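Biologist: I would like to learn how to read a model like this one. Could we go through it together, feature by feature?

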Amino acid sequence: MLTITRDLNVYSSGMPQIISLSQYDSDFQLVFNLYTSDGTLNIPSGTTAQIQGTKRDGNGYSASATISGNTVTVTGDNQITACAGANIFEISLINGGKVLNTINFIMAIERAALDGDTIQSETVLKELQAIIDSAATSTQAAQDAEDAADRAEEAARTFTIDPTLTQSG
């Protein structure tokens, strides 16, 4: 597991922190040591924390985080890193219906070398060819069955009983 630790200002001024990860990373945690560059930061007991933001694909993300003193820990998951590019997040501290947000930070997500939707050439193409071959075989079997049904129908239609038979019925 990768642990990334940053000091994060709750006073919204200055340049945002940049945290670099790779697309689809999930085995990481973010540890933020909260401070204020203007005033005094006092986080009362009972305060909860969450990470929230909007990814470059326009989808939002929000998840609970743990808080201990002035340290907030976010457990990583692949939804945080799903969208490559510069994604904007913040930590929200919530207490008694009141919210205090940190300065924004940027999750700079490097595009994956192998995207989750990419067809892998060696295995998947062989499987696709097998499916195509199977479809051709199934189509031929269906045609053969239809031809046999037509022949059976014709035979039934032209079937005659020999009147010279000695057993009736």
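Biologist: Let's start with Phe32: which residues is Phe32 in contact with, leaving aside its neighbours within four places in sequence?

Modeller: Keep in mind that this is a predicted model. A contact here is a pair of heavy atoms within 4.5 Å. On that basis Phe32 meets Arg6, Leu8 and Ile19, then Asn70, Thr71, Val72 and Val74, and finally Ile91 and Phe105, with neighbours up to four places away set aside.

Biologist: Which residues touch the most other members of the largest nonpolar core?

Modeller: A nonpolar core joins buried residues of certain types through side-chain atoms within 4.5 Å. The largest one has 25 residues, and those touching the most other members are Leu30, Phe32, Leu34, Ile91, Phe105 and Met107. At least two core residues come from each of E1 (2-9), E2, E3, E4 (48-54), E5 (60-68), E6 (71-75), E7 (85-95) and E9 (105-110). Strand E3 gives the most, with 4 residues.

Biologist: How many helices and strands does the chain have, and in what order do they run?

Modeller: The chain has 9 strands and 1 helix. Read from the N terminus, the order is β-β-β-β-β-β-β-β-β-α, with the helix at the end.

Biologist: What does the radius of gyration say about the overall form?

Modeller: The idea is to set the chain against a compact globule with an equal number of residues. For 169 residues such a globule would come out near 15 Å, but this chain has 33 Å. The C-alpha trace spans about 115 × 40 × 25 Å along its principal axes. As for burial, 25% of the 169 residues count as buried.

Biologist: And what share of the contacts links residues 24 or more positions apart?

Modeller: Among contacts with a separation of 6 or more, such pairs account for 69%.

Biologist: Now a loop residue: is Thr81 buried or exposed?

Modeller: Burial is judged by relative accessible area, with under 20% as the cut-off. Thr81 sits in the loop between E6 and E7, and it counts as buried because its relative accessible area is 0%. Beyond its neighbours within four places, Thr81 contacts Leu21, Ser22, Gln23, Tyr24, Asp25, Phe28 and Ile109.

Biologist: Where is Ile109, and why does Ile109 count as buried?

Modeller: Ile109 belongs to strand E9. Ile109 is buried because its relative accessible area is 4%. Its contacts, again without neighbours up to four places away, include Thr81, Ile80, Cys83 and Leu21. Sequence and space can also be compared: Ile109 and Ala82 are 27 residues apart in sequence, with 8.2 Å between their C-alpha atoms.

Biologist: Tyr24 turned up among the contacts of Thr81. What is the phi of Tyr24?

Modeller: The phi of Tyr24 is near 75°, a positive value in a residue other than glycine. Tyr24 lies in the loop between E2 (17-22) and E3 (28-35). With a relative accessible area of 35%, Tyr24 is therefore partly exposed.

Biologist: One last loop residue, please: where does Thr47 lie, and what does Thr47 touch?

Modeller: Thr47 is in the loop between E3 and E4. Thr47 counts as buried because its relative accessibility is 10%. Not counting residues up to four places away, Thr47 touches Ile67, Leu93, Ile94 and Asn95. Asp77, 30 residues from Thr47 along the chain, has its C-alpha 23 Å from that of Thr47.

Definitions and conventions. Residues numbered from 1 in each chain as written. Predicted model: local features only at pLDDT ≥ 70, side-chain atom pairs only at ≥ 80, totals over all residues. Heavy atoms only, no water. Buried < 20%, exposed > 50% of the residue type's maximum accessible area, 1.4 Å probe, protein only. Rg over C-alpha atoms; globule rule 2.2 N^0.38 Å.
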